[in-house]
Amino acid sequence: MTPVRITELVVGGFRNLQGVRLTPDARANVLLGANGQGKTSILEAIDYAASLRSFRGATRAQLVGHEADAAQVLLRVEGAGLSHEYRVKLTRTTRDILLDGKRPERAVEYFGGAACVVFQPGDLELVLGGPDVRRRLLDRILVRVVDGYGEALKSYAKALRARNMLLRERHPDLRAVQAYDFPLARFGAAVVRARESVVGELVRAAQAALGEIMKSSEIISVAYRAKAPGDQVAYAAMLASAVHNDLARRTTQIGPHADDLTLTWSGRPARVVASQGQTRSLALALRLAELHVIEGRTKTTPALLLDDVSSELDRGRIERLFAMVTRLGAQVWVTTTDPAIASLLPRAKRFEVTDGKVAPAPPSSLSP
Amino acid sequence: MDDTGDPINELVRLLVRLPGVGEKSARRIAFHMLAAEVDYAQALGQSLATLSTRVRRCASCGAYTSRELCGICADPRRATDTLCVVARPMDADAIERARVFMGRYHVLHALLDPLGGVGPAEFPLGALIERIQREGVREVILATPPTVEGEATSLYLAEALRSAGVTTTRIASGVPHGGELEFVDPITLGRALEGRRSL
């Protein structure tokens, strides 16, 4: 396994960050500072450059700093002996991406080498939130591990929007609505097949992580229940037979846009039965499973970005998490307000984040 | 401050709207125009200014032409019973350059694209059906692009022409000539496999 190692990070005009330029440690990095200084924004900038999405769900306009015209993030990443430069430039309305100075021809080229996995306080929504949060988890994994998934998902979404728009007209044109069944079935079936192919690995990895870090022997299960089949012909037939239902509801009812990844905890829905501590553990287990699946399929270990873990996990769990990350060899980035957490990673490089600026911080006096 | 800059900036603003031209290339072109012989810039300007009056759509197929009928529609050797339906004039041009098609074209100038403002009400279906009946077309080849909108358009047309008494066919899509399979994207490969035929 080759770990993804970020060897250089340059950020400007992204949220409140200005002139950030840092050379991280190959293994462990800690971003220290009070709340609201920009620690999470640094992780967001890294993950944005790697996945082209904000893990806080922000739009481009929200990512470009108030006083900046454009936001820029440059990531230099080393993996498998090669170094690649990922550069993203955002304005409020546009986005330019460059891989080694060139526009990538296909998304898979870009997503190939700089995988990151983020665990952040908002991840409780993986357990408590709606199906869309869990579909995003699957999609995040699949764009990295299945060639063509990102394109299929995008085409599916486009066909779906067009079909739904036609269904919402006062007198829907049935012929036009059904003209979208073919692209919808083609891309929808591809999305379903990819999602179904990854769930088994995901649940095994989540179960293992739960045992290792949470010392929990609860049996969890994760199931992807697709309402539409992964076979294109059967999918199209299902759309055709459900068209009157769609006309009545004025929207396309069936398809991967409406599917859920259900989580059960000892046989019951996790959302209902898990305690707050268990919810956190399950959310972290799912993120570690994301890391594991990407690692297994791509033979590269994603960098792990941990935002404010001390608010989410107790000290024993954090220690076991850090031990696991060290064993995997993943590069880890930790944000915290608490120097005691930083001391759990004694060999980490420390950075102090103050008002959107980053400076090297001295090693903690608490470190053994 | 520098009042000579304004016409240049104006030209740059117009040039960057061209496909494939960014801010830098636009500036280069603008300065090139200034440095080039006056005749050239004037000839170019004249050509652009009269383009819309000298070029129109062929009354029959919709392709660009300077006459009432385009060269293909006016050519009696072109078959009238086979009609190739394309989205844009440049698509007809691309097929023409391949020199494999001896029928005539029909340029839609649109694809079914409700999100882009072309719903069934706006889609130019009537002109196509009228032409099919007028010219006694027997086969319609649907050569819209293999995109979501292009596929939807071809299915929409196939269904709409079912009652017009013509055979409709769809162009095949798949692996490019001279290409290595390992570099073909999975969507295209999937289509190529679906569209396989026995030998």
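Visitor: Which residue of β3(A) stands opposite Val10(A)?
Guide: Let's begin in chain A, keeping in mind that this is a predicted model. Strand β2 of chain A and strand β3 of chain A, residues 20-22, run antiparallel and are joined by three bridges. Across from Val10(A), on the β3(A) side, you will find Arg21(A).

Visitor: And in which sense does strand β2 of chain A pair with strand β5 of chain A?
Guide: Look at residues 5-12 for β2 and residues 71-79 for β5, where seven bridges link the two strands of chain A. Leu9(A), for example, stands opposite Leu75(A) in β5(A). The sense of the pairing is antiparallel.

Visitor: How many bridges join β5(A) to strand β6 of chain A?
Guide: Strand β6 of chain A covers residues 82-90 and runs antiparallel to β5(A). One place to look is Glu78(A), which stands opposite Ser83(A) in β6(A). The number of bridges joining β5(A) and β6(A) is nine.

Visitor: Which strands of chain A are the edge strands?
Guide: Five strands of chain A make an open sheet with antiparallel pairing, in the order β3-β2-β5-β6-β7. An edge strand here pairs on one side only, and β7 covers 95-99. The edge strands of chain A are therefore β3 and β7, because two strands count as paired only with at least two bridges between them, and these pair on one side only: β3 and β7.

Visitor: By how many degrees are neighbouring strands of this sheet turned against each other on average?
Guide: We stay with the open sheet of five strands in chain A. With direction ignored, the average turn between neighbouring strands is 10°.

Visitor: Which residues are linked with Glu8(A) in a network of salt bridges?
Guide: Side chains of opposite charge can pair when their charged atoms come close. One member of this network is a residue we have already met, standing opposite Val10(A). The partners in the network with Glu8(A) are Arg21(A), Arg76(A), Glu85(A) and Arg87(A).

Visitor: Are Asp139(A) and Arg195(A) buried or exposed?
Guide: These two form a salt bridge, with the closest N and O atoms 3.1 Å apart. The pair links distant parts of the chain, 56 residues apart: Asp139(A) is in helix α5 and Arg195(A) in helix α8 of chain A. Asp139(A) and Arg195(A) are both buried.

Visitor: Why does Arg163(A) count as buried?
Guide: Arg163(A) forms a salt bridge with Asp181(A), the closest N and O atoms being 2.9 Å apart. Buried means under 20% relative accessible area. Arg163(A) counts as buried because its relative accessible area is 0%.

Visitor: About how many helical turns separate Glu135(B) and Arg131(B)?
Guide: In chain B, the side chains of Glu135(B) and Arg131(B) meet in a salt bridge at 3.1 Å, N to O. Both are in helix α7 of chain B, residues 125-135, and they are four residues apart, so their separation is about one helical turn.

Visitor: Which helix of chain B gives the most to the nonpolar patch?
Guide: This surface patch of about 570 Å² is made by Tyr40(B), Leu44(B), Leu48(B), Leu51(B), Val55(B) and Tyr64(B). Tyr40(B) is partly exposed, with a relative accessible area of 43%. Three residues of the patch come from the helix that gives the most, and that is helix α3.

Visitor: How far apart do the C-alpha centres of domain 1 and domain 2 of chain B lie?
Guide: The domain assignment of chain B gives 7-54 for domain 1 and 61-170 for domain 2. Between their C-alpha centres, the distance is 33 Å.

Definitions and conventions. Residues are numbered from 1 along each chain as its sequence is written. Chains are lettered from A and ligands numbered from 1 in the order in which they are written. This is a predicted model: local features need pLDDT of at least 70, side-chain atom pairs count only at pLDDT 80 or more; totals for chains, interfaces and linings use all residues. Side-chain values use heavy atoms; hydrogens and water are left out. Patches are made of residues with over 30% relative accessible area and no salt bridge: like charges are joined within 9 Å, nonpolar side chains (Val, Leu, Ile, Met, Phe, Trp, Tyr) within 5 Å. Accessible areas come from the Shrake-Rupley method with a 1.4 Å probe; for residues, only the protein chains shown count as cover. A salt bridge is a side-chain nitrogen of Lys or Arg within 4 Å of a carboxyl oxygen of Asp or Glu. Buried means under 20% relative accessible area, exposed over 50%, partly exposed in between (1.4 Å probe, protein chains only). Domain bounds come from an automatic or database domain assignment. Axes are lines fitted to C-alpha atoms, for helices over the stretch in contact, and angles run from 0 to 180 degrees between N-to-C directions.
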